Amino acid sequence: MTTWPTGVPGLAWGADYNPEQWPEEVWAEDVELMRRAGVNLVSVGIFSWALLETSEGEYAFEWLDRVLDLLHEGGIRVDLATATASPPPWLTTAYPDVLPVRADGVRFTHGSRQEYCPSSPVYRAKAVALATRLAERYRDHPALAAWHVGNEYGCHVARCYCDRCAEAFRRWLQRKHGDLDTLNEAWATAFWSQHYSAWDQVLPPRVTPTFGNPGHLLDFDRFCSDALLELYVAERDALRGITPDVPITTNFMVGWTFDALDYWSWAREVDFVSNDHYTRSESDDRHVELAMAADLTRGLAGGKPWLLMEHSTSAVNWQPRNIAKQPGELRRNSFAHTARGADGTLFFQWRQSRAGAERFHSAMVPHAGTETKVYREVCEVGAEYARASELVGSTVDAAVAVVYDYQSRWLSGQQAHPTADFSYQDTVFALYRQLWDAGVTVDFLPPDGDFSPYELVVVPALYAVTDADAQRLADYVDGGGHVLVTYLSGVADERGHVRLGGYPGAFRDLLGVWTEEFFPLRENEHVTLDDGGVAGVWTELLHPRGAEVVASYADGPLPGVPAVTRNRHGGGTAWYLACGLGGDGLRRVVDAALEHAGVPSAPGVEIVRRRGRLDGEAVSWLVAVNHSAVAAEVAAAGVELLTGARVDGPWVVPAGAVAVLREMV
């Protein structure tokens, strides 16, 4: 099975290409401008269902034939979409039950995108039929490099609450739980008189007077992720049966806000992982957020190369204030993804739309044309990608792992928790930020991942954990590993049931502590630790049971109570961060954990090492991205690929610049 778009020479560089938005006389110019910009891969047809199937069963592929022929003549490979991301008006008019329903019972209407119910048999049949027709027509087309199924599943409609989804949810629950007794136990329905005595009483978690049942909500989150995955798999399998050697993917949305899908389960079903990522333009930490998303995407890919399917050349159109990127930012963003394992970066989109909902979203060719900052940078980076093509297929070095769990994110984000101020994503990012500042590259793992290659494993807010996964982490530490665990970890089992006997539940013995009560802080309240650290959001009444106290509260509701501990467990060490520590205090804890685990720090310019082979020899490359306004010096020697310069001694990376160094062996 092929696991990368076929025939792409070097690092992939390109965009979503939507020629159907433009007169045909523009297409030849598009191809010429693509060649000038070094484009070698484009996604085609993502939102073209209405033009490919103009009415039910009536197909019009001739325009797409001409597009693919033009691209092939220009030497540009195609990631061909199944075009099923947005059903056409004829479909939703003829079959209105295809449209999804909100939790309050309101049925969506046509006029936007992604307006389909994942449990609709009509939508699934029509989508699979279109994918099949596309595969039959283009199976032998020389431009075809990969299949692009759907688009950003769950982006706008991650949950549907219609009666058909209720039926599908009940079938899913029957497969998972087997019988109602098991379901009632899993959902703790003895609380608030919610006991079910017949399957038809079970509904999606629609609008209720107050808090919903946590187990019900969790299982519905799981079901909805699986239901959308089933849609992807149905189209994938249709394509696979006709074009078994063409790799198949769909674009994830690993980033700051999206959490509707459990991407660990999705990643197993794609031939290569691809991701869409957009920076939060008003965030000063947007380059660090980008790095975290890229590292998490690489984790989903199992360390293998992945493709950035979309990012932006400059401003987007859907944030509250859409800030244009500064000169050089497009370049830094592209190479930062490449540094962290992407073997290509594509944009949304090729030519900026003159109409439609995303008309002000930037593109490789902006409204103002080619004599622009954006297009010049596009051409410059395209040429640099060609010079850095030897990076393809190499992998990223990392000595530290971070455990990331979508289901803990779902559970900890439910209502009726000790504080509304807790954020799973903020907690993960705060730790990631300290590791990034220390110059430490990390891999992301699921809770059942392999910890053994890593010197340090960071476990942020692993709220729900199975007995087996908790034991595996303990075994890792017993064998000499090091872990840093935060508050709200080990609290519940995989059903969301609180583990009795005190917190942190599954990790009490590993951490050598016992917490009797949570003491969340008031809004904007902070407490000081005796080492000068400052914490917000969270504290807890903790008692050491074998652990060494590293820092305690100097004030607040728990003066003198331990806030950070360290415990010897077998041959390793387990740290516990029992509060919402930030700033310098968090930096000191992370630095101490790194030092204790023997992981060297290298603060300064962002540098990531990739390793691979070149001409049969083992080679390593350093990719440097300087986000600062001053030049940085790095001790390294080798050949800088973007300029061809030889480096021997201090390697100077100019302010705001990027560089790729093939290290001397």
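Helices (H or I, at least four residues) and strands (E, at least two) are DSSP runs, numbered from the N terminus. This is a predicted model, in which local features need pLDDT of at least 70 and side-chain atom pairs count only at pLDDT 80 or more, while totals for chains, interfaces and linings use all residues. Residues are numbered from 1 along each chain as its sequence is written, and side-chain values use heavy atoms, with hydrogens and water left out. The structure holds 38 salt bridges (a side-chain nitrogen of Lys or Arg within 4 Å of a carboxyl oxygen of Asp or Glu).

**Salt bridges between separate parts of the chain**

- Side chains of opposite charge can pair when their charged atoms come close.
- Arg-351 and Glu-29 form a salt bridge through their side chains, with an N to O distance of 3.5 Å. Because Arg-351 lies in the loop between β11 (342–347) and α12 (373–387) and Glu-29 in helix α1 (residues 27–37), the pair ties together parts that are 322 residues apart in sequence.
- Arg-351 counts as buried at 14% relative accessibility, whereas Glu-29 is partly exposed at 43%. Here buried means under 20% relative accessible area, exposed over 50%, and partly exposed in between (1.4 Å probe, protein chains only).
- In the salt bridge of Arg-113 with Glu-152, the closest N and O atoms are 2.9 Å apart. Arg-113 is placed in the loop between α4 (89–94) and α5 (121–138) and Glu-152 in the loop between β6 (144–148) and α6 (163–177), so the pair connects parts that are 39 residues apart in sequence.
- Glu-152 is buried, with 7% relative accessibility.

**The network around Asp-443 and strand β14**

- A salt bridge with an N to O distance of 2.7 Å joins the side chains of Arg-298 and Asp-443. This pair links distant parts of the chain, with Arg-298 in helix α10 (residues 286–300) and Asp-443 in strand β14 (residues 442–445), 145 residues apart.
- Arg-298 and Asp-443 are both buried.
- Asp-295, Arg-298, Arg-340, Asp-443 and Glu-606 are joined into one network by salt bridges that share partners.
- In a regular strand the side chains alternate between the two faces of the sheet. From β14, Val-442 and Phe-444 point one way, Asp-443 and Leu-445 point the other way, and all are buried.
- Strand β13 (residues 400–403) runs parallel to β14 and is joined to β14 by 4 bridges; two strands pair if DSSP finds at least two bridges between them. Opposite Asp-443 in β14 stands Ala-401.

**Packing of α6 against α7**

- The axes of α6 and helix α7 (residues 180–187) come within 9 Å and cross at roughly 95 degrees. Axes are lines fitted to C-alpha atoms, for helices over the stretch in contact, and angles run from 0 to 180 degrees between N-to-C directions.
- This crossing makes α6 roughly perpendicular to α7; angles under 35 degrees count as roughly parallel, over 145 as roughly antiparallel, 65 to 115 as roughly perpendicular and the rest as oblique.
- Phe-169, Leu-173 and His-177 in α6 are in contact (heavy atoms within 4.5 Å) with Thr-182, Leu-183, Ala-186 and Trp-187 in α7.
- The contact of α6 with α7 has 5 nonpolar, 2 polar and no charged residues. Ala, Val, Leu, Ile, Met, Phe, Trp, Tyr, Cys and Pro count as nonpolar, Asp, Glu, Lys and Arg as charged, and the others, Gly among them, as polar.

**Backbone geometry**

- Most residues other than glycine have a negative phi, and most peptide bonds are trans.
- The peptide bond from Phe-348 to Gln-349 is cis, with omega near -10 degrees, and Gln-349 lies in the loop between β11 and α12.
- Tyr-503 and Pro-504 are joined by a cis peptide bond with omega of about 0 degrees. Pro-504 is found in the loop between β16 (482–486) and α16 (508–511).
- Ala-461, a residue other than glycine, has a positive phi near 45 degrees. Ala-461 lies in the loop between β15 (456–459) and α15 (467–478) and is buried at 1% relative accessibility.
- Val-537 is not a glycine, yet has a positive phi of about 70 degrees. The position of Val-537 is in the loop between β19 (534–536) and β20 (540–544), and at 26% relative accessibility Val-537 is partly exposed.

**A three-stranded sheet**

- An open sheet of 3 strands follows the order β18-β19-β24 with antiparallel pairing. Its edge strands, β18 (526–528) and β24 (581–582), each pair on one side only.
- The antiparallel pairing of β19 and β24 spans 2 bridges, and Leu-581 in β24 is the bridge partner of Ala-535.
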